[in-house]
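Good morning, and thank you for coming. I should like to take you through one protein structure, from its overall layout to a few individual residues.

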Amino acid sequence: IVWQTPANPDYILCNGRHVRPYYFEFISHAKNRWAGKTIVDLFTDEFKGRPRDYYVSAVKSGRIQVDGQIVPVSYIVQPSQKISHFLHRHEPPVMALDVLILQKEPDVLTVCKPASVPVHPCGQYRKNTVVGILQAEHDLAPLFPVHRLDRLVSGLLILARNATKADHFRQQIEAGEVRKEYIAKVIGVFPEEEVVNANVNYNAREGRSSVEKGKTACTKFTRISTNGTHSVVLCEPITGRTHQIRVHLQYTGHPIANDMLYLSFSIDPMCTNCPNLGPKGYDEEALWLHCIRYSGPGWSYECPYPDWA
């Protein structure tokens, strides 16, 4: 078995973009609380996604190693040791077949990010990401995302092509010199203008935000159009919190019309499906939230509007 991850993954384009499974080395360094545990106990206690019998077999076969060496199942882990877990990795497919390049400059690349594709490696995704696809299919590397978009959000994504340019953008964003503009399709007739100042608290375990406590956040909303049932709204986040636009629109009573994570439902205390109201598979639908423009001192980048707008 060749443990090295292939530089250029084998993509399969059929009803979405799939990555042929590949071997991958997960690396972590032993935390102090891991010290004194056997290698099998460590994995059983800390990584509960697999049964203990798997970890016993993985250690015996060399799929789990310590400091690059095969160890016995009774091996006692010490602080700071390098722990490697070699896996046959299966990435989830994404809906998009391609990443549209909008503008290529010597130190900046802009693309129209499709929904369902994460920006960079995270969670179960490594090759099925914007950065991974651009590297494998367009030979564009290194790339430094200037900002991030949620996986199900589409639109403009700016990537610096060197660390110096990335730092330049970061300084402008931290100084409040960058204007960010999104559009969303929401439920109901949205007011002509509204500014929301409501704290945003992101719960990583639940994967969603709320307006209870949390960090200060501000979003300016302007209605673009309405048909009486839905409205298309311009969203300008002044701060940059996780799910800020989505939770602030919910806070106004006009959530994104297909955002099952933030739509409000009545809960029946006798119903066995409440409060888990999102049907299986809903999370692969493209959100009606799209980044259209970022602008700063002397520069501006734009993305075409989506069909639903």
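I shall begin with the domains, continue with the annotated region, and end with selected strands and side chains.

Please bear in mind throughout that this is a predicted model. The protein is divided into domain 1, covering 22–89, domain 2, covering 94–175, and domain 3, covering 177–308. Between the centres of domain 1 and domain 3, taken over C-alpha atoms, there are 41 Å.

Let me turn to the annotation. An unreviewed UniProt entry places the feature "domain: Pseudouridine synthase RsuA/RluA-like" at residues 107–250. Over residues 107–250 the chain is 40% strand and 19% helix, and the C-alpha atoms at the two ends of that stretch are 38 Å apart.

The unreviewed UniProt entry also lists Asp150 under "active site". Where does Asp150 lie? Asp150 is in the loop between strand 8 and strand 9. Is Asp150 buried or exposed? Its relative accessible area is 14%, and because the limit for buried is under 20%, Asp150 counts as buried. Leaving out residues up to four places away in sequence, Asp150 touches Lys113, His243 and Arg246.

Next, I draw your attention to helix 3, which spans residues 130–138. Within helix 3, the residues Val130, Val131, Gly132, Ile133 and Leu134 are buried. What covers these buried residues? The covering elements include strand 1 (11–13), strand 2 (17–19), strand 6 (100–104) and strand 7 (108–113). Strand 8 (144–145) and strand 9 (154–160) are also among them. Helix 3 is followed by Asp139, which has a positive phi, near 55°.

I now move to a sheet of three strands. This sheet is open, its strands come in the order 3-5-4, and their pairing is antiparallel. Strand 3 (22–29) and strand 4 (64–66) stand at the edges with a single partner strand each, so one side of each has no neighbour in the sheet. On average, and ignoring direction, neighbouring strands of this sheet are turned by 20° against each other. Strand 4 and strand 5, the latter at residues 82–89, run antiparallel and are joined by three bridges. Within this part of the sheet, Ile64 stands opposite His85 in strand 5. As a general reminder, the strands of a sheet pair through backbone hydrogen bonds, either parallel or antiparallel.

The aromatic side chains come next. The count of aromatic pairs is eight. One of these is formed by Phe43 and Phe47, whose ring centres are 5.2 Å apart and whose planes are at 35°, so the pair is tilted. Phe43 counts as buried, at 4% relative accessibility, whereas Phe47 counts as partly exposed, at 33%. Tyr54 and Tyr55 also form an aromatic pair, which is edge-to-face, with 5.4 Å from centre to centre and 70° between the planes. Tyr54 is partly exposed, with a relative accessible area of 23%, while Tyr55 is buried, with a relative accessible area of 2%. These four residues belong with Trp34 to one aromatic cluster.

Let us proceed to strand 10, at residues 179–187. Strand 10 is mostly covered, with seven of its nine residues buried. Which strands pair with strand 10? One partner is strand 16 (residues 289–296), paired in the antiparallel sense over six bridges. In this pairing, Lys180 stands opposite Tyr294 in strand 16. Another partner is strand 15 (residues 230–237), which runs antiparallel to strand 10 and is joined to strand 10 by six bridges. Here Val186 stands opposite Ser231 in strand 15.

My final residue is Ile224, found in strand 14, which covers residues 218–226. How accessible is Ile224? With a relative accessible area of 46%, Ile224 is partly exposed. Once its neighbours within four places in sequence are set aside, Ile224 is in contact with Ile183, Val232, Val233 and Leu234. Ile224 and Asn199 are 25 residues apart in sequence, and their C-alpha atoms are 25 Å apart in space.

To close, I would ask you to look once more at Asp150, the residue that the unreviewed UniProt entry lists for "active site", and at Lys113, His243 and Arg246, which Asp150 touches. Thank you for your attention.

Terms used:
Residues are numbered from 1 along each chain as its sequence is written. This is a predicted model: local features need pLDDT of at least 70, side-chain atom pairs count only at pLDDT 80 or more; totals for chains, interfaces and linings use all residues. Side-chain values use heavy atoms; hydrogens and water are left out. Domain bounds come from an automatic or database domain assignment. UniProt positions are given in the numbering used here, feature names are shortened, and annotations may be inferred rather than shown by experiment. Helices (H or I, at least four residues) and strands (E, at least two) are DSSP runs, numbered from the N terminus. Buried means under 20% relative accessible area, exposed over 50%, partly exposed in between (1.4 Å probe, protein chains only). Contact means heavy atoms within 4.5 Å. Two strands pair if DSSP finds at least two bridges between them. Axes are lines fitted to C-alpha atoms, for helices over the stretch in contact, and angles run from 0 to 180 degrees between N-to-C directions. Rings of Phe, Tyr and Trp (its six-membered ring) pair if their centres lie within 6.5 Å; planes under 30 degrees apart count as stacked, over 60 as edge-to-face and the rest as tilted.
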